[in-house]
Amino acid sequence: MMELLKQFQKKRNNFLKILFLFLFIFFYSTQKSFAKVFSDLLELNGSFTQGGLLFGKTNYKNKIFFNEKEVFVNKSGDFILAIGRDEKLENLIIIKGLKKNETHKIQISKRKYKIQRIDGLPKNKVTPNEEELKRIRNESKIISISKNKFLNKTLYKSGFIWPVKGIVTGKYGNQRILNGQPRRPHYGLDIAAASGTKIISPSNAEVSLIMEDTFFNGKMVILNHGLGLNSIYSHLKKIHVKEGEQIKKGDLIAEVGSTGRSTGPHLDWRINVYNIAIDPELLLLDQPEF
Ligand SMILES: [Zn+2]
């Protein structure tokens with residue numbers, strides 16, 4: 001009798017061991033499912049989709065080309081790739097290494113974007129006059145310089161959190177029709193919250209630009225997270241940081257407002273790699289651990 005019981009227990013223990021092993025492999029593989037190792041020269045992490053951001057790793061001595069454009073690789077072999085809203089579905093990464101060259105085809109999944117209608121905007125905010133156009137051009141030049149500022153740091157490795165708690169009222173990529181007129185797609189994430197709600201820095205950063213009164217964005221802040229990655233905060237009520245300041249993830253940067261082209265208090269949050277806007281929601285979802 002005792003012998004039978006022992007045998008049964010042994011079998012049961014073996015079964016549990018195998019079960020735990022399976023569970024471990026299952027969870028481990030799902031955790032790592034977004035990491036793609038292409039070769040000993042290339043590893044990519046992140047969202048392989050339109051609007052996604054890819055974090056790459058290679059030997060720092062290698063040269064990386066993304067669709068024929070050279071990408072900066074830092075001393076640790078880090079680099080980042082932005083997949084635009086309408087990026088083609090097959091992209092090429094060419095690695096020129098010391099000993100060998102490699103070409104990888106990176107498959108990107110297609111996104112569907114919604115059409116969003118916004119009515120009741122002041123007429124001049126949809127169709128600006130000559131003088132306002134001049135002002136808009138000047139402001140966008142300053143904004144563009146800030147977006148393209150090169151910073152050889154990987155502050156983004158501190159990870160990203162939501163800058164404000166609120167209701168998402170506008171998604172990345174939405175096609176926009178303002179007062180009945182088709183306009184450029186929306187590249188930000190609109191988060192509605194009460195006027196004066198605190199906005200924190202989602203990641204470690206250097207404050208790149210402060211503008212107190214722009215035509216479209218109202219009061220705005222641009223943060224630089226390194227290697228071309230920057231984040232943009234618009235329609236602010238109040239700004240709590242200064243240009244050049246080094247800030248940490250979670251630090252207070254501003255307050256939600258409704259300045260510029262806005263129909264109510266909300267934060268327009270954008271993330272760019274230089275001029276290419278990516279989807280902040282995807283970044284929050286698919287960020288690797290550094
Ligand atoms: Zn917006």
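# Close-up views of the predicted model

**View 1. Glu206 stands opposite Gln246 in β18.** Strand β15 (residues 205-214) and strand β18 (residues 246-247) run antiparallel and are joined by two bridges. The strands named here, like the helices, are DSSP runs numbered from the N terminus, where a strand (E) has at least two residues and a helix (H or I) at least four, and two strands are said to pair if DSSP finds at least two bridges between them. The model is predicted, so local features are given only where pLDDT is at least 70 and side-chain atom pairs count only at pLDDT 80 or more, whereas totals for chains, interfaces and linings use all residues. Residue numbers start from 1 along each chain as its sequence is written. Strand β15 also pairs with β16, again in the antiparallel sense, and this time over six bridges. Within that pairing, Met211 has Met220 of β16 as its bridge partner, and the connection from β15 to β16 is a hairpin of three residues.

**View 2. The whole chain, as a setting for the other views.** The secondary structure of the protein chain comes to four helices and 21 strands, and along its principal axes the C-alpha trace spans about 95 × 55 × 40 Å. Of its 290 residues, 31% count as buried, a word used when 20 or more other C-beta atoms, placed from the backbone, lie within 10 Å of a residue's own; with 12 or fewer the residue is exposed, and in between it is partly exposed. Two residues are in contact if their C-beta atoms, placed from the backbone in the same way, lie within 7 Å. Among the contacts between residues at least 6 apart in sequence, 65% join residues at least 24 apart.

**View 3. An open sheet of four strands has the order β5-β4-β7-β8.** The pairing in this sheet is antiparallel, and its edge strands, each of which pairs on one side only, are β5 (69-71) and β8 (101-107). From one strand to the next the twist averages 30°, where axes are lines fitted to C-alpha atoms (for helices, over the stretch in contact) and angles run from 0 to 180 degrees between N-to-C directions. Strand β7 (residues 90-96) is joined to β8 by seven bridges in the antiparallel sense, and there Ile93 has His104 of β8 as its bridge partner.

**View 4. Domain 1 (35-107) meets domain 2 (115-285).** These bounds come from an automatic or database domain assignment. The centres of the two domains, taken over C-alpha atoms, are separated by 27 Å, and 14 residues of domain 1 are in contact with 16 residues of domain 2. On the side of domain 1 that touches domain 2, the largest share, four residues, comes from strand β6 (residues 78-82). The residues of that side divide into six nonpolar, six polar and two charged, where Ala, Val, Leu, Ile, Met, Phe, Trp, Tyr, Cys and Pro count as nonpolar, Asp, Glu, Lys and Arg as charged, and the others, Gly among them, as polar.

**View 5. The largest nonpolar core has 47 residues.** A nonpolar core is a set of buried Ala, Val, Leu, Ile, Met, Phe, Trp, Tyr and Cys residues joined through C-beta atoms within 7 Å. Ile80, Val221, Tyr233 and Ile278 touch the most other members of this core. Because domain 1 and domain 2 both give residues to this core, it lies between them. Leaving aside neighbours within four places in sequence, Ile80 is in contact with eight residues named here in full: Leu53, Leu54, Phe55, Gly56, Leu227, Gly228, Leu229 and Val273.

**View 6. Leu227 and His235 each have a positive phi.** Most residues other than glycine have a negative phi. Leu227 is in the loop between β16 (218-226) and β17 (229-239), has a phi near 50°, and is buried, with 23 other C-beta atoms within 10 Å. His235, in strand β17, has a phi of about 65° and is buried as well, with 27 other C-beta atoms within 10 Å.

**View 7. Val256 is found in strand β19 (residues 252-256).** Val256 counts as buried because 24 other C-beta atoms lie within 10 Å. Val256 and Thr197 are 59 residues apart in sequence, yet their C-alpha atoms are 5.2 Å apart in space. Not counting residues up to four places away in sequence, the residues that Val256 touches include Val164, Ala193, Thr197, Lys237 and Leu267.
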